[in-house]
Amino acid sequence: MCGIVGYIGNKEAFPILIKGLKRLEYRGYDSAGIALLNGDLNVFKKAGKVSELEKITNGKSVGANIGIGHTRWATHGEPNDVNAHPHLSQSNELAIIHNGIIENYAAIKAELEKRGYNFQSDTDTEVLINLIEEVRKTEKSSLEDAVRVALNEVVGAYAIVILDKKDPNHLIAARKGSPLVIGIGEDEFYIASDASPIIEYTQNVIYLDDQEYASVHRDGTYVIKTLGNVEKSHAIQKLELSLEAIEKGGYEHFMLKEIHEQPKALEDAMRGRMNALQGWIKLGGLSEYLSRIENAERFVITACGTSWHSGLIGEYLIEDLARVPVEVEYASEFRYRNPIIKESDVVFAISQSGETADTLAAIELAKERQALIYGICNVIGSSIARVSHAGSYTHAGPEIGVASTKAFSTQITLLTLIALQIAQSKGTISTSRLRTILYEMENIPKKIKETLELDSQIKELAAIYKDARNFLYLGRGYNFPVALEGALKLKEISYIHAEGYPAAEMKHGPIALIDEEMPVVFLATNQSAYEKIVSNVQEVKARKGKIIAVVNKGDTQIRALADHVIEVPETEEVLSPLVTIVPLQLLAYHIAIMRGCNVDQPRNLAKSVTVE
Ligand code: M6R
């Protein structure tokens, strides 16, 4: 949930840290800070964005070749200057940045207070750095040993970097449950929550594993050890990320760029994995475990937020095409409700970031109970990708806007391929039906491009409804999860209250909300339930609700009833979410912009939810 970055080498640390923090700002943006060591240990920190931090450093001495920086999403303590990281130990000798939560911090704090420690902030992080200081002092140990001992005492999740005023040639970084990448340059090291702050300096990286720490030195040497003090050697990996992929590329916002990247993202997600002409689908991860997957009694799909919505579409796809029973579970519920998980189950865990704490915990639980874990992640090398037995990457490219867009559509693409490969292998789909769907999948990027051309029409619609206080989104079948996702997009970036419902459920409650002030967005492209949706539209019209309907091109029946129609190209019903979600993403985007909201960094949110 927070972004951390560190540098040691011969370059100026300040610009590297600031640029890195801006790249990591999607992970949290309620306060930011840096510590620079140049004889003195100078700490600058400020509530608000990294730009606020930059302002307070204007005219100050920021020269240093070693430093650490942090951008925060508050967990313990409100987002103010004092609670911002880095935090110093009581002696002012050690500085720390931390992403994660120390769950037993209160007990440790009480113990440290008895030993004379005073705390400036409300954070668990300040407790951790003082624990390290106390261990170093009482055991007269090296910093490295003190870090290891202290980390063995804490419960919780962390990625940390520690700077020691007395040792300007050395940084220590450690992780458990929160990601950490180390970039290796020429006699220099970059440490960060993800590779985005590193990419322009070096492509050589090491991903630390859980419960490991690294000591990196200015002379270019480093050592990685487990918290059990066992030395580890990690292969240096080559980053495949491009700088262009993490910049806005001429778009005003990342979210808009990412919405427009969907045609390409889908092509990348499908590339080499299917061939309509030859009628095959082959997902590497799936093929390896196909017989176990095929023989599974049921599938469980677990995820959070938008990824959970794509999981729901996965349920429809897998049950419809592959005829395997599927349960879709919020990871946060699944992990705590003592679910029945059998060895014969396959658990699909879906996550853009691959770092979501609840999803990771759900995986651990299912793994303990011997289920096969199949991860569907976007971020290469992420924790979920690494702890899963098998899996597929969505290949959407970096998604930086907090509101998930292209990750959603590529997740659905993957789930469609999974459903089809299993269906083909189990013989639950005819060859001609399979080919029809595969051919249509190849057409989807073009259809999304066509839908993106509706941008100016949707902008006009946004201008009409930007001041609405509530929105209702209704859909049936494959379009029901799209209604949920459309509502989530609107509420998270525009702060308008929005609800998604199965269209037929409306009469069991939400219909009471409908009056002339209520915009109701209908997803009405389904061929199978079309007449039923027409009836639902009638019900809203009879109560004077404002009807915005997403329909197939050429639709006349709903056009005659709706206040506004958004015509999208028709596709196979099983693939319709890939097209119908696009106007809803654009509608949310334009409404949010017109309301003056920060679409890429909506309030209270962060891209990667590494706390439960
Ligand atoms: O990285 P994940 O896909 O695991 O994240 C799960 C949710 O936090 C995420 O989908 C969230 O709901 C989106 N930012 C909403 O747009």
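Arg323 counts as exposed in this predicted model, because its relative accessibility of 57% is over the 50% that marks an exposed residue. Arg323 sits in the loop between α10 (305-322) and β19 (326-330), and although Arg323 is not a glycine, its phi is positive, at about 55 degrees. A positive phi is also found at Lys544, again a residue other than glycine, where the value is near 70 degrees. Lys544 belongs to the loop between α18 and β26, and the two residues are set out below.

| Residue | Phi | Relative accessible area | Loop |
|---|---|---|---|
| Arg323 | about 55 degrees | 57% | between α10 and β19 |
| Lys544 | near 70 degrees | 55% | between α18 and β26 |

Lys544 follows helix α18, which comprises the 13 residues 530-542. At 1.5 Å a residue this helix should span 18 Å, and its end C-alpha atoms are indeed 18 Å apart, so the expected and computed spans agree. Which residues of α18 are buried? They are Tyr530, Ile533, Val534, Asn536, Val537 and Val540. Because these residues cover an arc of only 160 degrees around the axis, they lie on the same side of α18. The face turned away from that buried side carries the exposed residues Lys532 and Ala542, while the cover over the buried residues includes the strands β25 (519-524) and β26 (546-552).

A buried lysine is found in another helix, α15 (residues 431-452), which contains Lys447. With a relative accessible area of 16%, Lys447 falls under the 20% cut-off and therefore counts as buried. The side chain of Lys447 is joined to that of Glu440 by a polar contact of 2.7 Å. Leaving aside residues up to four places away in sequence, Lys447 touches Glu440, Pro569, Glu570, Thr571 and Val579.

One of these contacts, Val579, falls within the residue range of helix α19 (residues 576-594), a helix that packs with α14 (residues 406-426). The axes of α14 and α19 are 10 Å apart and meet at an angle of about 170 degrees, and the two helices are therefore roughly antiparallel to each other. On the α14 side the contact is made by Phe408, Ser409, Ile412 and Thr413, and on the α19 side by Pro577, Leu578 and Ile581.

A further backbone feature is found at Pro86, which is placed in the loop between β4 (66-72) and β5 (87-88). The peptide bond leading from His85 to Pro86 is cis, with omega near 0 degrees.

Note on methods
Residues are numbered from 1 along each chain as its sequence is written. This is a predicted model: local features need pLDDT of at least 70, side-chain atom pairs count only at pLDDT 80 or more; totals for chains, interfaces and linings use all residues. Side-chain values use heavy atoms; hydrogens and water are left out. Helices (H or I, at least four residues) and strands (E, at least two) are DSSP runs, numbered from the N terminus. The expected span of a helix is 1.5 Å times one less than its number of residues. Buried means under 20% relative accessible area, exposed over 50%, partly exposed in between (1.4 Å probe, protein chains only). The arc is that of the directions from the helix axis to the C-beta atoms. Contact means heavy atoms within 4.5 Å. A polar contact is a pair of N or O atoms within 3.5 Å; within protein, one must be able to donate a hydrogen and the other to accept it, and residues adjacent in sequence count only if both atoms are side-chain atoms. Axes are lines fitted to C-alpha atoms, for helices over the stretch in contact, and angles run from 0 to 180 degrees between N-to-C directions. Angles under 35 degrees count as roughly parallel, over 145 as roughly antiparallel, 65 to 115 as roughly perpendicular and the rest as oblique.
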